[in-house]
Amino acid sequence: RDRKGEYEPQLIPKYQNTVTQDMEEKIISMYAKGMTTGDIEAHLKELYDLDISDSTISRITDKIMPLVKEWQERPLQEIYAVVYMDAIHYHVRSEGRIVKRAVYIALGIDMDGKKDVIGMYVGENEGAKFWLSIINGLKNRGVQDILIACVDGLNGFPQAIEAVYPKTEIQQCIIHQIRNTTNYVSYKDLKKLMADLKMVYAAPDEAAALEELESFGEKWNSKYPKIYKSWSERWATLSTYFKYPNEVRKLIYTTNAIEGFNRQLRKVTKSRTVFPSDDSLLKMLYLATMDITKKWTGRRRDWSQIRAQLEIYFEERLEKAEF
């Protein structure tokens, strides 16, 4: 208490109960770059000699939660050429213990060739029911059709998307399939096995790919029977890209587009081993997403050719959508 009224607060002026707008923006910007509330507290003390508690910083960053909710519910395009789905995992404190949370991300490329993060959801377990709620959410936000969905073997996803968008074609990521099926191959066999496997996924068409897969099985089944079995069981979703020309194949045969985005998120969150809550995780991912996507202003360089081919392959669906 200042009896003579001579003290002038430096951070929060008299008769105000919050920091200045400029300082709030700085705090939110630092949070978006991956700094913890403790890091920001120490940083402000060092730079400005200001004492702001980490709880105050947390309350300031909480102000963006309405923006997060608004962003999650914003209207979307009527039709997307490709939607990539993937998950990224984090540790979160919940009810006194640390649990693993999956953040499911949907990245879409619209018919103008522009990409955007169209969905981000924090969940515990993937499954048909969970994916159905997400896909219904996309439909409720205005998405009338998805031409091709690219995924990394997500459990329950094919059944869920078929229930909402029955005509959507599903392409499972070839790169993930290769990694998953060659993890336990002996180093001395890896080079030869990969050369034989490349004959399958790099074949000119599906018929040739199936022949190469049979040859692969005859050669390697005695030593690595699970590889042939895995490819055969998943062939319906692994072989979708064979029906398209090279330009479209490059677009859909791998989920590299969303993996690149996930790598950028990990750069921001690498200093956070455990998040105090689901909301704090969502806050940081939202701010990081805004920072990353502001650079996504153009479209793919080869989009004119890709779009022309998609309009031929999906002519009826695009006409019905009145696109």
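Here a visitor and a guide talk through a predicted model.

Visitor: In what order do the five strands of the open sheet stand?
Guide: Welcome! The five strands make an open sheet with mixed pairing. Strand 3 (115–123) and strand 5 stand at its edges, so each has a single partner strand and one side without a neighbour in the sheet. Neighbouring strands are turned against each other by 25° on average, direction ignored. Read across, the order is 3-2-1-4-5.

Visitor: Over how many bridges do strand 1 and strand 2 pair?
Guide: Look at strand 1 and strand 2, which pair in the antiparallel sense. As one example to find on screen, R93 stands opposite I98 in strand 2. The number of bridges between strand 1 and strand 2 is 14.

Visitor: What angle does the direction of helix 6 make with that of strand 4?
Guide: Helix 6 (residues 157–164) packs on the sheet, where it touches strand 1, strand 4 (145–151) and strand 5. Between the directions of helix 6 and strand 4, the angle is about 180°.

Visitor: And which strands does helix 13 touch?
Guide: Helix 13 packs on the sheet too, and its direction makes about 30° with that of strand 1. The strands touched by helix 13 are strand 1, strand 2 and strand 3.

Visitor: Is E95 buried or exposed?
Guide: Start with its place: E95 lies in the loop between strand 1 (79–94) and strand 2 (97–110). E95 has a positive phi of about 50°, although it is not a glycine. Most residues other than glycine have a negative phi. The relative accessibility of E95 is 79%, and exposed means over 50%, so E95 counts as exposed.

Visitor: Which elements cover the buried residues of helix 7?
Guide: Helix 7 (residues 174–182) has as its buried residues I174, H176, Q177, I178, T181 and T182. An α-helix has 3.6 residues a turn, so residues three or four places apart point the same way. The cover over the buried residues of helix 7 includes strand 5 (169–172), helix 8 (187–201), helix 10 (225–233), helix 11 (235–238) and helix 13 (256–269).

Visitor: Which residues lie closest to the centre of the largest pocket?
Guide: The largest pocket holds about 220 Å³ of space. Helix 12 (246–252) and helix 13 are the elements that give two or more residues to its lining. The lining divides into five nonpolar, five polar and four charged residues. Of the 14 lining residues, the closest to the centre are I109, K115, L251, A257 and R300.

Conventions. Residues numbered from 1 in each chain as written. Predicted model: local features only at pLDDT ≥ 70, side-chain atom pairs only at ≥ 80, totals over all residues. Heavy atoms only, no water. Buried < 20%, exposed > 50% of the residue type's maximum accessible area, 1.4 Å probe, protein only. Helix = DSSP H or I, 4+ residues; strand = E, 2+ residues; numbered from the N terminus. Contact = heavy atoms within 4.5 Å. Pairing = 2+ DSSP bridges. Axes fitted to C-alpha atoms, helices over the stretch in contact; angles between N-to-C directions. 1 Å grid on protein atoms, 1.4 Å probe; cavity = no way out; pocket = protein on both sides within 12 Å on 5 of 7 lines; lining within 4 Å. Points joined across faces, edges and corners; volume = space filled by probe spheres on them. Nonpolar A, V, L, I, M, F, W, Y, C, P; charged D, E, K, R; others polar.
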